[in-house]
Amino acid sequence: MPEARLCDDVLKVAFPAIRQNAPVCAKSSHFVVPKDLLPAITHYLHTQPNFRGRLTLLWACDHRPVRDTYGLYYLFTLEGSHHWVMLSTELIGNDRLFPSITPHIHAAHWYEREIRDMFGLIPQGHPDLRRLVRHEHWPKGMHPLRKDFPWDRVLGRQQGEHHFRHIEGEGVFIVPVGPIHAGIIESGHFRFSVAGEPIMQLELRHFWKHRGVEKLFEQQTLIDALPLAERVSGDTTVGHGLAYCQAVETLLHLEVPRRATYLRTLFLELERLSNHLGDIGAMCNDTAYALAHAHCGRMKERIMQLNDRLTGSRFLRGAIRVGGVTRDIDNGRLTEIVEELNRIQLDFSEVGAIIFANASLTDRLETTGILHERTAWDHAVMGVVGRASGMDCDLRRDRPFAAYDALPVNVALYRYGDVRARLRVRGDEIHESIRLIRELRGKIPDGPIANEPSRSPDPGDWTLSAVEGWRGEILYMVMAGEGGRIHRCKVRDPSFVNWPAIQWAVLGNIIPDFPLINKSFNLSYAGNDL
Amino acid sequence: MFRIIKKSLKIGVVTGQYQKGEPAAVPVVPEVKKKAGLFKRSFAIREVDTGSCNACEMEMNALMNPVYDAEQFGIHIAASPRHADALIVTGPVTVNMERALKDAHKQTPDPKLVIALGDCAIHCGMFKGCYAVTGPVERHIPVDVRIPGCPPRPADILEALSELRNGRP
């Protein structure tokens, strides 16, 4: 790609001290950067008009016992070309300090705090060095992703206190909510500062459900860890499973049969359908519009039962495997699926007409919880939430995986960034998913559904894999270790990126609208906390 | 208005359109049944998530949709543990959620039932032994009923609740 090569050259001219490495995956370039140069080069990538890089992933890796270094990796997606630029640097020996890029790239805020908690590396100049994953009762010096930290270590408890940000002034009071919520929701803590009705500040406190997923990956072999990936976030079983499988297949140099890629696409779209239908219902329910909730709940249940009939799991668990899929869906079955989906589409169109004709619902949704395009850009927000705020990104179109190279996707895009826009994006995507499955049925080739892995991975090899799940971009970085084991697996659910943005979307809204705004984001706590 | 009524008439009743669940493998202990009998036809449940992958939550939510409609059997979700007759706990108990779970249990008025939902809550599933997980639910609070599955189907959850309440779902 000449354009990408041009970008590389521009970077090398601007920063002669950097060294180009071989790219780790397609459509990407990789540079090794001296650590002192990191703030300057990331700032350049982020702000230069011909780059406009969005921080997509930031992770660290403990390279011991092979070499005594910590690696830091910064992945940027360039706007326009969707090319990946990766910067990496190493902290050698006892060096535990690295320069923070958060002061000018807001999206790095949680990543750097996470690295500090999990590895004990300190981002110098970070504006907020409170603990993130490790709650106050964790003893000092516990950094689980260091290689010298045993995975089954029993953590003690110490006394400690978490300091929330607070606003002072006459009539300001604080409303703490959680970690256990009133509905059937996951655990997380929200702290509102209000004066009168409008929210002046919201502070999130998550990681209540931190289960040590990334450490558990390191105890498993590449092939066996798939069930764990499927349980990172239960509602995104296929998204996470697929992203993990793609990474492993790259490491094993394993080709996936064409039919299997189509079936994977089918599963991913079915997952998107069931979740979007449920979300639209749940958003209506949070405005006390029970009729729409009942209709959407009913349609979602039809998809879940369809999943169950197809694969024996309502969440499509175990449908995907490394090298392909576990069971074939013959063409007669596919026709049945399409017929069922056609009925659901008609049904949904009728319900949609009722929902959008309801003036009191529109009144609740419009101008509620606006996430401005600028805020969305600063936080590198993506997925459904991003597309409702004018962020034109969808991996199915930008970096096609599975069978999306043969199935072009029309990306739903809205600019208002309010709850209604997020509802509209979901509505449009439901129609688009059904259209894709219809098109898929016509194009699916015959053939085998899985290939067996024949080689073992080379220790130290690593790769990145990206999948557009129903929430947004799911990224996996998998590095192979000795004997087919995993040396490091970085999991990034879109929730991790989108959660901080909600703190800005609620400002000026009233607390009773918070559940509605939260539902319109519908982020995973489990995928965020890991 | 006409459109809404037309749609409702067209759809008709969907409740019960699901495959019946499997009866529980392990029968409920008589003492637990006796305790559950106190709640008669109104059974308020508080759901506590201590680290599940959220699939169990999705199935609990599905229980309340028109197809399963657990509400018709007098099962409802209470907004606070203080209003609850039973706690349904999902997920292995994480280090960070341990205290919150114990607090919620303490705040639930006696007599109360504790139901461990899903494999993770029963034996930690694949998170067993990890540094961030302190053990299954029963290590922290006494558990009366176990509903296995990863995640259990809504029909199985209904079946288990029915068994608990002597055939009254």
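Start in chain A of this predicted model by selecting strands β13, β14 and β15, which form an open sheet of three strands in the order β13-β14-β15, with antiparallel pairing. Colour residues 462-468 and 486-492 separately, since these are β13 and β15 of chain A, the edge strands, each of which pairs on one side only. If you look along the sheet, neighbouring strands are turned by 15 degrees against each other on average, with direction ignored.

Next, select residues 473-480 of chain A, which make up strand β14, and follow its pairing with β15(A), which runs in the antiparallel sense over six bridges. Strands of a sheet pair through backbone hydrogen bonds, either parallel or antiparallel. For one position to inspect residue by residue, show A:M477, which stands opposite A:K490 in β15(A).

Keep this sheet on screen and add residues 237-251 of chain A, which are helix α6. Helix α6 of chain A lies across β13, β14 and β15 of chain A, and its direction runs at about 150 degrees to that of β13(A).

**Two domains of chain A**

Now widen the view and colour chain A in two parts, with residues 2-124 as domain 1 and residues 213-529 as domain 2. The centres of domain 1 and domain 2 of chain A, taken over C-alpha atoms, are separated by 27 Å.

How many residues of domain 1 of chain A are in contact with domain 2 of chain A? On the domain 1 side there are 32, and they meet 30 residues of domain 2 of chain A. Between them, the two domains of chain A bury about 2,700 Å², with 67% of this area on carbon and sulfur atoms.

To look at the polar side of this boundary, begin with the two salt bridges that the rule finds across the interface of domain 1 and domain 2 of chain A. Then zoom in on A:E473 and A:R54, which form a salt bridge in which the closest N and O atoms are 3.0 Å apart. Between the two domains of chain A, the count of residue pairs in polar contact, both at pLDDT 80 or more, is 12. On the side of domain 1 of chain A that touches domain 2 of chain A, at least two residues each are supplied by β3 (53-62), β4 (69-78), β5 (84-92) and α3 (109-119) of chain A. Of these, β3(A) gives the most to that side of domain 1, with 10 residues.

While these strands are displayed, select A:R67 and A:E90, whose side chains meet in a salt bridge at 2.7 Å, N to O. This pair links distant parts of the chain, for A:R67 is in the loop between β3 and β4 of chain A and A:E90 is in strand β5 of chain A, 23 residues apart.

**Where chain B meets chain A**

Bring chain B into view and select the contact between the chains, which takes 51 residues from chain B and 60 residues from chain A. The area buried between chain B and chain A is about 4,500 Å², and carbon and sulfur atoms give 60% of it. In chain B, show B:N96, B:M126 and B:Y131 as sticks, as these residues lose the most area to chain A, together 19% of what that side buries.

Seven salt bridges are counted between chain B and chain A. One place to zoom in is B:E59 with A:R314, a salt bridge whose closest N and O atoms are 2.7 Å apart. The two chains also have 30 residue pairs in polar contact, both at pLDDT 80 or more. On the side of chain B that touches chain A, the elements giving two or more residues are α1 (2-11), β1 (43-49), α3 (55-63) and α4 (98-107) of chain B. The largest share of that side, seven residues, comes from α3(B).

**The sheet of chain B**

Finally, hide chain A and select the open sheet of five strands in chain B, which has the order β2-β1-β3-β5-β7, with parallel pairing. At the edges stand β2 (75-77) and β7 (145-147) of chain B, each with a single partner strand, so one side of each is left without a neighbour in the sheet. From one strand to the next, the twist averages 30 degrees.

Focus on β1(B) and β2(B), which run parallel and are joined by three bridges, and show B:I45, whose bridge partner in β2(B) is B:I77. Then add α4(B), which packs on the sheet and touches β1, β3 (86-90) and β5 (113-117) of chain B, its direction making about 165 degrees with that of β3(B).

Note on methods
Residues are numbered from 1 along each chain as its sequence is written. Chains are lettered from A and ligands numbered from 1 in the order in which they are written. This is a predicted model: local features need pLDDT of at least 70, side-chain atom pairs count only at pLDDT 80 or more; totals for chains, interfaces and linings use all residues. Side-chain values use heavy atoms; hydrogens and water are left out. Two strands pair if DSSP finds at least two bridges between them. Helices (H or I, at least four residues) and strands (E, at least two) are DSSP runs, numbered from the N terminus. Axes are lines fitted to C-alpha atoms, for helices over the stretch in contact, and angles run from 0 to 180 degrees between N-to-C directions. Contact means heavy atoms within 4.5 Å. Domain bounds come from an automatic or database domain assignment. Buried area is the accessible area (1.4 Å probe) that two parts lose on being put together, summed over both. A salt bridge is a side-chain nitrogen of Lys or Arg within 4 Å of a carboxyl oxygen of Asp or Glu. A polar contact is a pair of N or O atoms within 3.5 Å; within protein, one must be able to donate a hydrogen and the other to accept it, and residues adjacent in sequence count only if both atoms are side-chain atoms.
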